[in-house]
Amino acid sequence: MGKIPDSKREDDVIGGALKMIEGKWKLPVMYILCKNGALRYNELKRRLDITSMMLTSTLKELEADGLVSRIQYNEVPPRVEYSATKEGRRLVPAMKEIRMWGENLMGKAAEVDQRGDASGCCRSGKENRGK
């Protein structure tokens, strides 16, 4: 059996990483936990405006992947807190890059709004040449 090409290996690594954070709610949950530290279930639910079923499922998946930790305190009433693990906090630089990318996109959208047209926005140079 031959050596796996580096590009194939890189695709597998990226695919595996993306699989851990895929879905509508995983990154928003990670963002809130990284930004705010440990949070109780209902506090997290309020900040995200997410259904209980979806939040429970998302937290279980993130916990299984080692990105979120769940601490249950033996108190009455029971108290459970969720927080990003060290591995989960390693997503912070990527989230900052996504934020900067989003700010750049929003800036371009604001320029389009001010001009009142969409020339140059979301088009390739080839499509713009005809104007």
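A charge is said to sit over a ring if NZ of Lys or CZ of Arg is within 6 Å of the ring centre and within 35 degrees of the ring normal. With that in hand, here are some close-up views of this predicted model.

**View 1. Arg 79 sits over a tyrosine ring and takes part in salt bridges.** The charged end of Arg 79 is placed over the ring of Tyr 73, at 3.8 Å from the ring centre. Turn to the acidic partners next: Arg 79 and Glu 81 meet through their side chains in a salt bridge, with 3.0 Å from N to O. Both of these residues, Glu 81 and Arg 79, are buried. Glu 75 joins them, as Glu 75, Arg 79 and Glu 81 are linked in a network of salt bridges.

**View 2. A cis peptide bond joins Val 76 and Pro 77.** Have a look at the omega angle here, which is about -5°. Pro 77 belongs to the loop between strand 2 (68–73) and strand 3.

**View 3. Twenty residues make up the largest nonpolar core.** Good residues to start from are Val 29, Leu 33, Leu 44 and Leu 48, the members that touch the most others in this core. Two or more residues come from each of helix 2 (26–36), helix 3 (41–48), helix 4 (52–64) and strand 3 (79–84). Helix 2 is the top contributor, giving four residues to the core.

**View 4. Glu 61 and Lys 26 form a salt bridge.** The closest N and O atoms of this pair are 3.1 Å apart. Because Glu 61 lies in helix 4 and Lys 26 in helix 2, the pair ties together parts that are 35 residues apart in sequence. The two partners are covered to unlike degrees: Lys 26 has 6% relative accessibility and so counts as buried, whereas Glu 61, with a relative accessible area of 38%, is partly exposed. The cut-off for buried is under 20% relative accessible area. If you would like to look for other such pairs, a search of the whole structure finds seven salt bridges.

**View 5. Helix 6 carries a salt bridge between Glu 103 and Arg 99.** The side chains of these two residues meet at 3.5 Å, N to O. Both lie in helix 6, four residues apart, which is about one turn of the helix. Glu 103 is partly exposed at 47% relative accessibility, and Arg 99 is also partly exposed, with a relative accessible area of 47%.

**View 6. Ile 98, Trp 101 and Leu 105 make a nonpolar surface patch.** The patch has an area of about 330 Å². Leu 105 lies in helix 6 (residues 92–115), and its 41% relative accessibility makes it partly exposed. As for aromatic pairs, the count comes to zero.

**View 7. Ser 83 and Gly 37 come together from 46 residues apart along the chain.** Their C-alpha atoms are separated by 5.8 Å. Ser 83 is part of strand 3, and with a relative accessible area of 17% this serine is buried.

**View 8. Asp 49 has a positive phi although it is not a glycine.** The angle is about 55°. You will find Asp 49 in the loop between helix 3 and helix 4. Asp 49 is exposed, with a relative accessible area of 69%.

Note on methods:
Residues are numbered from 1 along each chain as its sequence is written. This is a predicted model: local features need pLDDT of at least 70, side-chain atom pairs count only at pLDDT 80 or more; totals for chains, interfaces and linings use all residues. Side-chain values use heavy atoms; hydrogens and water are left out. Patches are made of residues with over 30% relative accessible area and no salt bridge: like charges are joined within 9 Å, nonpolar side chains (Val, Leu, Ile, Met, Phe, Trp, Tyr) within 5 Å. Accessible areas come from the Shrake-Rupley method with a 1.4 Å probe; for residues, only the protein chains shown count as cover. A salt bridge is a side-chain nitrogen of Lys or Arg within 4 Å of a carboxyl oxygen of Asp or Glu. Buried means under 20% relative accessible area, exposed over 50%, partly exposed in between (1.4 Å probe, protein chains only). Rings of Phe, Tyr and Trp (its six-membered ring) pair if their centres lie within 6.5 Å; planes under 30 degrees apart count as stacked, over 60 as edge-to-face and the rest as tilted. A nonpolar core is a set of buried Ala, Val, Leu, Ile, Met, Phe, Trp, Tyr and Cys residues joined through side-chain atoms within 4.5 Å.
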